[in-house]
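Let's take a look at a pocket and the two ligands that go with it. Here is the structure to keep beside you as you read.

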Amino acid sequence: MIKAPNIILVGPMGAGKTTIGRLISQSMDKDFYDLDKVIEDNAGADIPWIFEREGEDGFRKRETQALASVAQSDKGDSVLATGGGIVMREENRDILRENALVVYLYASVAQQLYRTSKSTHRPLLQTGDPKATLKKLFEVRDPLYREVATLVIETDSRHPRSVANKVLDAIKRHLKEETTTS
Ligand SMILES: Nc1ncnc2c1ncn2[C@@H]1O[C@H](COP(=O)(O)OP(=O)(O)O)[C@@H](O)[C@H]1O
Ligand SMILES: O=C(O)C1=C[C@@H](OP(=O)(O)O)[C@@H](O)[C@H](O)C1
Ligand SMILES: [Mg+2]
C-alpha cells in the first residue's frame, strides 16, 4: 500500500476522472469520492436538474461548497474525482493546491468528444456543436489544470486500467522524490 496525501483528479469532461479515480482508490486502499455525486447527494437532485433550475451559477456554488467540505474534512485518506469546471473559480484552485496532490488527466478534444458522446448527463454538452464547446472550454481550462496540478498524465491511447497504473507509478515516483529531497 502506498502512503500518500489526498489525491485529487482534475481534467476535462471525458478525461476519465471518475473511472480512474475509482480504480486508483481501490489500489491505494483509500476512500473514493466523486464530487458530482457529492453535489447530487447534497441537493437530492441530479446535475441536469440543478443546471435547469439553478443555472450554471447555482451549480458552481454547490460545487465549491462540496469541494470545501470534502477536501478539508479528509486528511490523507481519499481520492477525489472533480468535475471538469472545478478550476474556473480561484477559491477552488486555492483549495485544490492546499489540500492534496493534484493529478491532471489530459485528453485531447477528439478523445473528450468520443468518450462523452454516448451520455446525456453533461448539460454543457447538450448543444448543437459539442466539439466546438469542448474546444472552447479546453482553451480556457487547460492552463488552469496545469496551474493546480503537480502531475500531468496523458490518457489518449490508453485503456483505463493502464491509465490508472500510470497514475499510481507517477504518484509513487513523486512521493519518493519528495522524501529523498526533504
Ligand atoms: N482511458 C480511457 N480510454 C477509453 N475510455 C475511457 C478512458 N477513461 C474513461 N473512459 C470512458 O469515458 C467515459 C467518460 O469517463 P469518465 O470517467 O466519466 O470521465 P470524466 O469523469 O473525466 O468526465 C466513460 O464511458 C469511461 O468508461
Ligand atoms: O466541465 C464541466 O464544467 C462539468 C463537468 C462535469 O463533470 P465531468 O468532468 O466528470 O464530466 C460536471 O461537473 C458538470 O456537468 C460540469
Ligand atoms: Mg466525472
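What follows is a short tour of the pocket, then of each ligand.

This is a predicted model, where local features need pLDDT of at least 70, side-chain atom pairs count only at pLDDT 80 or more, and totals for chains, interfaces and linings use all residues. Residues are numbered from 1 along each chain as its sequence is written, chains are lettered from A and ligands numbered from 1 in the order in which they are written, and side-chain values use heavy atoms, with hydrogens and water left out.

**The pocket**

The largest pocket has a volume of about 680 Å³. Lining it are 35 residues, and those closest to its centre are Lys17, Thr18, Asp36, His121 and Arg122. By class, the lining has twelve nonpolar, ten polar and 13 charged residues. Helix α3 gives the largest share of this lining, six residues. (A pocket here is an open set of points on a 1 Å grid over the protein atoms alone, where a 1.4 Å probe fits, with protein on both sides within 12 Å along at least five of seven lines; lining residues have an atom within 4 Å of a point.)

**Ligand 2**

Ligand 2 sits in the largest pocket, meaning that more than half of its atoms lie within 2 Å of the grid points. Around ligand 2 there are 13 residues, of which Lys17, Asp36, Arg60, Arg122 and Arg141 come nearest; to count, a residue needs a heavy atom within 4 Å. Helix α3 (residues 47-73) brings the largest share of this shell, three residues.

**Ligand 1**

The space taken by ligand 1 is the largest pocket, too. Here 15 residues are around the ligand, with Gly14, Lys17, Thr18, Thr19 and Arg158 nearest. The largest share of this shell, three residues, comes from α1. By class, the shell has five nonpolar, six polar and four charged residues.

**Polar contacts**

Each row pairs a ligand oxygen atom with an N or O atom of the protein (a polar contact is a pair of N or O atoms within 3.5 Å).

| Ligand | Protein partner | Distance |
|---|---|---|
| Ligand 2 | Lys17 side chain | 2.7 Å |
| Ligand 2 | Gly85 backbone | 3.3 Å |
| Ligand 2 | Arg122 side chain | 2.6 Å |
| Ligand 1 | Thr18 side chain | 2.9 Å |
| Ligand 1 | Thr19 side chain | 2.5 Å |
| Ligand 1 | Arg122 side chain | 2.9 Å |

So Arg122 has a side-chain contact with ligand 2 and with ligand 1.

Methods: A polar contact is a pair of N or O atoms within 3.5 Å; within protein, one must be able to donate a hydrogen and the other to accept it, and residues adjacent in sequence count only if both atoms are side-chain atoms. Helices (H or I, at least four residues) and strands (E, at least two) are DSSP runs, numbered from the N terminus. Grid points are joined across faces, edges and corners, and a volume is the space filled by probe spheres set on the points. Ala, Val, Leu, Ile, Met, Phe, Trp, Tyr, Cys and Pro count as nonpolar, Asp, Glu, Lys and Arg as charged, and the others, Gly among them, as polar.
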